[in-house]
Amino acid sequence: MSEADCRPGRDAAAASPLPACTAVVGCGVMGSALLHAALRQGLYVLAGVREHRRRRPGVPPQVVQMAPRDAAEAADLVVLAVPPGEPLRQVAEQLEPVLVGKVVLELSNPAMRRRDMPAPHRSWATSEAELLARRLPRARVAKALNTVSAKALRGLAPVPGGDWRRPSVPVAVDDPSAQRLVCAWVEALGFEAVPAGPLAHAHWLEHLAQLLCHIDTQSGRTGLVGCRILRP
């Protein structure tokens, strides 16, 4: 798939809120699961990886590998599937010049304890997404997909019986057009996108993810982490 292949015709792009091309930067467990999920749904996606000339095991052969900066520059939506803290900070600094005006989706969670009820890493302090937004003041940062696990992503498939069984994915973001774009992409992956308010609510999503991981631990660590939000 070339960069040109990553962009449908102008009429199709104008008619859909979906990004014409999405770059997933960081192709570890979560990043590779996102790539596979996007391919299953026929979405255009690039993989942004270091040492991109060597095929990464988790990257599907149909997906073009590019340097992170090149992938981010070619995409309309940039997903940073990068661990929180210093790795995320470094990637943000490297990509900042090409992320101006773009929608950037951040999906990490703070570290948590494994055995007991998870203690928030930073209590109710600033979320990773808000810290990222400070480092990328000219980008539109969103928080989503941190409440589902890679295993849940890999097992995602149409569920007989209706939409009520689809996992919900809260989306926190300030910009309305960015919200539409991210929600459309989340829905295209097979989830139910749930607007969760401004980016300031991202710390609530991180705490929700910690609680879901705790419940999974108490259930024997199935690895299938997610939730369903019931609405009228």
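Guide: A nonpolar core is a set of buried Ala, Val, Leu, Ile, Met, Phe, Trp, Tyr and Cys residues joined through side-chain atoms within 4.5 Å. The model here is predicted.

Visitor: Which element gives the largest share of the largest nonpolar core?
Guide: That core holds 39 residues. Among the members that touch the most others are L34, L105, V182 and W185. Elements giving two or more residues include helix 2 (29–40), strand 5 (103–106) and helix 7 (176–189). The largest share, seven residues, comes from helix 7.

Visitor: Which residues does V182 touch, leaving aside those up to four places away in sequence?
Guide: V182 is one of the core members with the most contacts to other members. Beyond that sequence window, V182 touches L77, V103, L105, A142, A144 and V171.

Visitor: Is L145 buried or exposed?
Guide: L145 sits in the loop between strand 6 (140–143) and helix 6. Its phi is positive, about 65 degrees, although L145 is not a glycine. Most residues other than glycine have a negative phi. The relative accessible area of L145 is 1%, under the 20% limit, so L145 is buried.

Visitor: What is the exposure class of R221?
Guide: R221 lies in the segment after helix 8 (202–218). R221 also has a positive phi, about 55 degrees, and is not a glycine. Its relative accessibility is 49%; exposed requires over 50%, so R221 counts as partly exposed.

Visitor: How many disulfides are there?
Guide: A disulfide needs two cysteine sulfur atoms within 2.5 Å. By this rule, the count is zero.

Definitions and conventions
Residues are numbered from 1 along each chain as its sequence is written. This is a predicted model: local features need pLDDT of at least 70, side-chain atom pairs count only at pLDDT 80 or more; totals for chains, interfaces and linings use all residues. Side-chain values use heavy atoms; hydrogens and water are left out. Buried means under 20% relative accessible area, exposed over 50%, partly exposed in between (1.4 Å probe, protein chains only). Helices (H or I, at least four residues) and strands (E, at least two) are DSSP runs, numbered from the N terminus. Contact means heavy atoms within 4.5 Å.
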